[in-house]
Amino acid sequence: MADQPSESERNRLLTLRQYDVLDTPAEEAFDRITRLAKSALRAPIALVSLVDAERQWFKSKQGLNVSETPREHSFCAHAIRHDEPFVVSDARLDPRFHDNPLVTSAPNMRFYAGIPLNMKNGYNIGTLCVIDTMPRHLSELEFSMLEDLAQLVVDELELRLMATSDALTGMLTRRSFEKELNGELERMRRYRRDMAIIIFDIDHFKLVNDTYGHAAGDAVLKEIGSTCRSMLRHVDKLARLGGEEFAILMPEVDQAGVCVVAEKIRKKLSTTPVNCDIHSIVFTASFGLAVGSPNGETSHDLLNRADQALFQAKKGGRNRSVYVDFKQQFSDVWVA
C-alpha cells in the first residue's frame with residue numbers, strides 16, 4: 001500500500017488546488033516571466049512548475065516541449081521542501097539525481113536552480129526554475145533576479161485568487177461564479193423556483209491561437225463576453241471558468257427557457273466574425289445545459305451534470321446544444 005501523504009502535504013495540495021491553475025492553457029502573464037528568466041540567466045530552459053500529487057505540471061515553459069513529468073523524477077519536488085533557493089550545480093555528480101531519467105536522457109539536465117513559490121499561507125506549491133545542460137553556478141545578482149521573478153509568479157496567482165472578475169473579459173471568475181451558484185441553489189430550494197445553467201466552450205480554440213496568434217484568441221474571448229451580455233438579463237451571471245470555457249447562471253429559468261437562450265447565443269456566435277488585424281475569424285461553440293434539481297444537488301453536482309452535457313455536444317459533432325435532465329438523460333436542443 002502506498003504511503004499516505006502527511007497532513008502538511010495534504011494542506012499543500014489543497015493550497016495548490018485553490019488557485020484553479022492546473023491544466024489551464026498557457027498565458028502571457030506567466031510566459032513573459034519565464035522568457036525573462038531564460039534570457040536574464042542565459043539558460044536554455046525556464047519553467048513555472050507546479051508540483052501535484054503524482055506529477056509536476058508546467059504552467060509556463062520555455063525550451064521544453066512536454067507539459068508535465070512524473071513527480072518522482074522532479075527536481076522541483078525537492079525544491080518545495082525548502083524555503084530558500086534549491087540549486088544543483090552538476091546533477092551527474094549529485095547522488096540524488098545522477099541516475100534520474102531527466103539527467104541520463106532528454107533534456108539531459110546538469111544544472112538546476114529553483115525558487116519555491118511560497119504562497120500567503122506558507123505552503124510551497126511549485127517553483128520558478130531554470131535548467132541548463134552544462135554545470136554552472138549563479139552569481140548573487142542572478143539569484144536575486146530569479147527570486148524577484150518568482151515573486152512575480154506568486155503575486156499573479158494571489159491577485160487572481162482575490163479577483164472576482166476575469167481581467168481579460170470582465171466576466172466572473174470560477175470562484176465568484178460558484179459562490180453565486182451556491183446562493184442561487186439555496187434560493188431555488190427555499191422558494192421553489194427554477195434555475196438553469198449553461199456551460200459552453202469554443203470549438204477548436206487552440207487552432208485559433210495557433211493560426212492567428214494569441215491577440216486574435218483574446219479578441220475572440222472578448223467578443224464572447226460582449227455577445228453574451230447583449231443577450232442576457234441583468235440578473236444572469238456570466239463567468240469565464242478558465243481558458244475557453246464559460247458558464248451562465250440564469251435564475252427563474254426552466255428547461256424551455258434555457259434551451260431558447262443557449263441556441264440564440266450559439267447561433268449568434270457562429271455568425272459573428274471577429275476582426276483582428278487583417279483576419280476575419282469565424283468560430284463556433286458547444287453548449288451543455290441543465291436545470292437545478294430540488295433534491296439536494298450541490299453546485300459541484302450541477303456543474304458536473306452540465307459539463308457532461310457539454311461533452312455530449314462535442315462528441316456529437318460540436319456547434320450544438322445538449323440538455324441533460326435529473327436522470328442523466330441527454331437530448332439535443334433544436335430551437336427554430
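Modeller: Buried means under 20% relative accessible area. The model discussed here is predicted.

Biologist: Why is F75 called buried?

Modeller: F75 has 2% relative accessibility. The cut-off is under 20%, so F75 counts as buried.

Biologist: How many aromatic pairs are there?

Modeller: The count comes to six aromatic pairs.

Biologist: What makes the pair of F75 and Y112 tilted?

Modeller: The ring centres of F75 and Y112 are 5.4 Å apart, and the limit for a pair is 6.5 Å. The planes stand at 45 degrees, neither under 30 nor over 60, so the pair is tilted.

Biologist: Why is this pair said to tie together parts that are apart in sequence?

Modeller: F75 is in the loop between strand 3 (68-70) and helix 3 (76-79), while Y112 belongs to strand 5 (residues 111-118). The parts tied together are therefore 37 residues apart in sequence.

Biologist: Is Y112 buried or exposed?

Modeller: Y112 has a relative accessible area of 1%, against a cut-off of under 20%, so Y112 is buried.

Biologist: Which residues form one aromatic cluster with F75 and Y112?

Modeller: F86 and F97 form one aromatic cluster with F75 and Y112.

Biologist: Why is the pair of F200 and F246 called stacked?

Modeller: The ring centres of F200 and F246 lie 5.2 Å apart and the planes are at 25 degrees. Planes under 30 degrees apart count as stacked, so the pair is stacked.

Biologist: Where do F200 and F246 lie?

Modeller: F200 lies in strand 7 (residues 195-202) and F246 in strand 9 (residues 245-251), so the pair ties together parts 46 residues apart in sequence. F200 is buried at 0% relative accessibility, and F246 is buried with a relative accessible area of 0%.

Biologist: What makes R136 count as a charge over the ring of F111?

Modeller: R136 lies over the face of F111, at 5.3 Å from the ring centre. That distance is within 6 Å, the cut-off for a charge over a ring.

Biologist: How many disulfides are there?

Modeller: The count comes to zero disulfides.

Biologist: Why is there no bond between C76 and C129?

Modeller: The closest cysteine sulfur to that of C76 is in C129, 3.9 Å away. A disulfide needs sulfur atoms within 2.5 Å, so this distance is too far for a bond. C76 is buried, with a relative accessible area of 2%.

Biologist: How do you know that C228 is in no disulfide?

Modeller: The nearest cysteine sulfur to C228 is that of C259, 16 Å away. The cut-off is 2.5 Å, so C228 is in no disulfide. C228 is also buried, with a relative accessible area of 0%.

Conventions
Residues numbered from 1 in each chain as written. Predicted model: local features only at pLDDT ≥ 70, side-chain atom pairs only at ≥ 80, totals over all residues. Heavy atoms only, no water. Helix = DSSP H or I, 4+ residues; strand = E, 2+ residues; numbered from the N terminus. Buried < 20%, exposed > 50% of the residue type's maximum accessible area, 1.4 Å probe, protein only. Lys NZ or Arg CZ within 6 Å of the ring centre and 35° of its normal.
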